[in-house]
Amino acid sequence: MPNWELVRQDFSELRQTMNGERLAYLDNAATSLKPKSVIERLLSFYQQENANVHRGTYQLSFKATEEYEDARKVIQHFINAAAAREIIFTRGTTEGINLIASTYGEQNIEPGDEIVISLAEHHSNLIPWQQLALRKKATLKYINLTSTGEIDLADAKQKITAKTKIVAVTHVGNVLGNVSPIRKLAELAHQNGAIIVVDGAQAVCHLPVDVQELAADFYAFSGHKMLGPTGIGVLYGKQKLLEQMPPYQFGGEMIEDVQLDNSKWDQIPHKFEAGTPNIAGAIGLATAVKYLEQVGMAQVKARDAELMAYLLPKLMAIPGVKIYGSQNPQQHVGVVSFNLGTLHPHDVATALDMEGVAVRAGHHCAEPLVHSLGTNSTVRASLAFYNYQADCDQLINAIKETKEFFKGELR
Ligand SMILES: Cc1ncc(COP(=O)(O)O)c(CNc2co[nH]c2=O)c1O
């Protein structure tokens, strides 16, 4: 088991104070912190290795190209993709899902077809499908959730039919933290001739991900949520699907031959990587993956569970705290959303910030889900393996102080 105190020392951002208090960073679902190794790798690339990739005819460019393509292989092995060419570098989860909707979706959705998503989706895995359905006069259907926030498989079996062309679901929810039964949903999709798109944004930094085991046709995630830099993400796609899809964007890098009246496209993955890619971002992301592999994803998963098992009962024990979703810590991977009586979540988050505790307040870009919980917004604390029990205690104490501060208003 890693020495978690030593692990924390890799994250310099944790060593600062905020409003005179030690920083307890509990907004990891929004973006993760970056270990020293990632920051140093970005610096060394720009100091020593920076050159454009694929077209240069000099050593620096060959080296940059080798590093960029090696990063692709690192990601391939991290999620157990069958081939490196199935790894497309994007800006993040949002772009990856939009890429599928704009290519595979435009190519395959016809009037009357059905697209099935869940009520737990982040807007990035909801609006692309909603707008595609509107453009194509197709039908968008939502799989209901159980009372504890899990995907209702019985409802999924009703909603996924022979009319279904695309199923798109989150692997881990960013509001309630439930893990979706991806393999079972993939089987339902495939039995009905549909594909499954998985939003992995909140999973890749908490769980071991095996896209072949999940039977995912596409799997999208963001580097910045898994210790990597912003502006880099990954779209995994099955080779046979990627090869049949038209390009997402047009320009340099993605062509084989350009004539005056038409052009031929490069092979995958470069067909989907128009223009100069985020070279440093990809290399930084690969460094983040190597860090996670050094800690161990099984150890990360266990640490997340240990911290949530410590935090949730203490949260539930505070009179006036309403927990959304399950009351079982094992159902909360990384995140717990709550409210404090009738206080506005923004007021609560501001008060917590005064105590050095960084959490998120709002609808978390999941408005249909949050509204289905009977509220417009929540406070959300989200953990990572580099947090520790003292962060949880600081949150609990800050909530109690917030209750005391607002006691005249608290009902
Ligand atoms: C489940 C899920 N899908 C997609 C996205 C979009 O990722 P991006 O393209 O990197 O922005 C997020 C970001 N979630 C959040 C961003 O800030 N707070 C959040 O909960 C997410 O949580």
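1. A good place to start is Arg72, which sits in helix α3, the run covering residues 59-78. Please keep in mind while reading that this is a predicted model. Arg72 counts as buried, because its relative accessible area is 1%, below the 20% limit for that label. Leaving aside residues up to four places away in sequence, Arg72 touches Ala84, Ile87, Ile88, Phe89, Pro269, His270 and Glu273.

2. Two of those contacts of Arg72, Phe89 and Glu273, turn up again in the second largest pocket, where they are among the residues nearest the centre. The others named there are Thr90, Glu95 and Ala274, and the lining has 17 residues in total. Strand β4 (87-90) and helix α4 are the elements that give two or more residues to this lining. By class, the lining of the second largest pocket splits into eight nonpolar, six polar and three charged residues. The volume of this pocket is about 230 Å³.

3. Next, the largest pocket, which holds about 430 Å³ of space. Its lining is made up of 28 residues, and those nearest the centre are Ala30, His122, Ser124, Lys225 and Cys365. The elements contributing two or more residues to this lining are α4 (93-108) and β16 (360-362). Sorted by class, the lining of the largest pocket has 15 polar, seven nonpolar and six charged residues.

4. Where does the largest pocket lie with respect to domain 1 and domain 2? It lies between them, because both domains give residues to its lining. Domain 1 is built from two segments, 4-30 and 296-405, while domain 2 spans 39-293.

5. A word on the cysteines, in case you are setting up bonds for a calculation. How many disulfides does a search of the whole structure find? The count is zero. As a reminder, a disulfide is a covalent bond between the sulfur atoms of two cysteines. Take Cys205: its closest cysteine sulfur belongs to Cys392 and is 16 Å away, so the two are too far apart for a bond. The cut-off used for a disulfide is 2.5 Å between the sulfur atoms. Seen from the other side, Cys392 is in no disulfide, and the nearest cysteine sulfur to it is that of Cys205.

6. Finally, are Cys205 and Cys392 buried or exposed? Cys205 is buried, with a relative accessible area of 5%. Cys392 also counts as buried, at 0% relative accessibility.

Technical notes:
Residues numbered from 1 in each chain as written. Predicted model: local features only at pLDDT ≥ 70, side-chain atom pairs only at ≥ 80, totals over all residues. Heavy atoms only, no water. Helix = DSSP H or I, 4+ residues; strand = E, 2+ residues; numbered from the N terminus. Buried < 20%, exposed > 50% of the residue type's maximum accessible area, 1.4 Å probe, protein only. Contact = heavy atoms within 4.5 Å. 1 Å grid on protein atoms, 1.4 Å probe; cavity = no way out; pocket = protein on both sides within 12 Å on 5 of 7 lines; lining within 4 Å. Points joined across faces, edges and corners; volume = space filled by probe spheres on them. Nonpolar A, V, L, I, M, F, W, Y, C, P; charged D, E, K, R; others polar. Domains from an automatic or database assignment.
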